[in-house]
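This report concerns the open and enclosed spaces of a protein model and the residues that border them. Please consult the structure shown here while reading.

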Amino acid sequence: MKSKFPIDRAIKILEREIKKYKVPIVGHFSTSPFKVLISTLLSLRTKDATTEQACTRLFAEADTPQKILSLPTSRIEKLIYPVGFYKVKAETLHHVCNELIEKHNGEVPSDLDTLLKMRGVGRKTANLVVTVGFNLPGICVDVHVHRISNRWGCIRTADPEKTEFQLRKILPQKYWIRYNDLLVTYGQNVCLPVSPHCSKCPLSAFCPKLGVGRSR
Ligand code: SF4
């Protein structure tokens, strides 16, 4: 990387540290690209615990595009409630499952550009499907990855999309798939959006803490 931040050292420490915490919900479905896709769509603007319960209820009743499509959206709404925007998401799940069946033989595509053409699928969702679902190179950037990468000074960007493109240029590819899991888990537990726990963070000695105001 061009910045002076020792990314190899930081990643090595985070690999050890995140063992203390719960993995983000989407990581639970790494053996099924379909479940990664659906759980990511449900997780947008929703707490992990709520997404986890919604996924458990939904997948117990319908765990394939065909089965989800056979449910009325009113039933899907009931199963996924109270995830954020559950009515819109129930409609989105129908559209996505229909598209998978009509255009992709019922399979989830592994290609980023094809995924991005699907309704309701943005860069974060598409990258998670590629990385977690297919174990292929991609960088999924959400608010935690965006915030922490900027605090480390690896990049200086104003939004997650720019962060993804910058990271694609400077982050060694060997870290692409793991980067999201590591930074999301750390961002939810230690490097919080407001008042991060810098005093107990093993990166503190070399982290420039850019943009951090109050910390604990
Ligand atoms: S030292 Fe503070 S800002 Fe830097 S990674 Fe740790 S918690 Fe985040």
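Which space is taken by the ligand? In this predicted model, the ligand takes up the space of the largest cavity.

## The ligand and its shell

Around the ligand stand Arg151, Trp152, Cys191, Pro196, Cys198, Cys201, Ser204, Cys207, Lys209 and Val212. Sorted by class, this shell holds seven nonpolar residues, one polar residue and two charged residues.

## The largest cavity

The search for enclosed space yields one cavity of 30 Å³ or more. Among the 15 residues that line the largest cavity, Trp152, Cys191, Cys198, Cys201 and Cys207 are the closest to its centre. The largest cavity contains about 130 Å³ of space.

Helix 9 provides the largest share of the lining of this cavity, namely three residues. The cavity lining is made up of eleven nonpolar, two polar and two charged residues. Trp152, listed above among the residues closest to the centre of the cavity, is also one of the residues around the ligand.

## The largest pocket

Apart from the enclosed space, the model has open pockets to consider. For the largest pocket, the volume is about 580 Å³. Its lining comprises 22 residues, of which Ser43, Thr46, Lys124, Asp142 and His144 are the closest to the centre of the pocket.

Which helix gives the most to the lining of the largest pocket? The answer is helix 11, with four residues. Helix 8 (123–133), helix 9 (143–152) and helix 11 (176–189) each contribute at least two residues to this lining. Helix 9 therefore takes part in two linings, that of the largest pocket and that of the largest cavity. By class, ten residues of the pocket lining are nonpolar, six are polar and six are charged.

## Glu99 in helix 6

A further position to examine is Glu99, which belongs to helix 6 (residues 86–104). Is Glu99 buried or exposed? Glu99 counts as buried because its relative accessibility is 14%, and the cut-off for a buried residue is under 20%.

With neighbours within four places in sequence left aside, Glu99 is in contact with His104, Lys117, Met118 and Arg119.

Terms used
Residues are numbered from 1 along each chain as its sequence is written. This is a predicted model: local features need pLDDT of at least 70, side-chain atom pairs count only at pLDDT 80 or more; totals for chains, interfaces and linings use all residues. Side-chain values use heavy atoms; hydrogens and water are left out. Buried means under 20% relative accessible area, exposed over 50%, partly exposed in between (1.4 Å probe, protein chains only). Contact means heavy atoms within 4.5 Å. A residue is near a molecule or strand if one of its heavy atoms lies within 4 Å of it. On a 1 Å grid over the protein atoms alone, a cavity is a set of points where a 1.4 Å probe fits but cannot get out, and a pocket is an open set with protein on both sides within 12 Å along at least five of seven lines; lining residues have an atom within 4 Å of a point. A molecule sits in a cavity or pocket if more than half of its atoms lie within 2 Å of its grid points. Ala, Val, Leu, Ile, Met, Phe, Trp, Tyr, Cys and Pro count as nonpolar, Asp, Glu, Lys and Arg as charged, and the others, Gly among them, as polar. Grid points are joined across faces, edges and corners, and a volume is the space filled by probe spheres set on the points.
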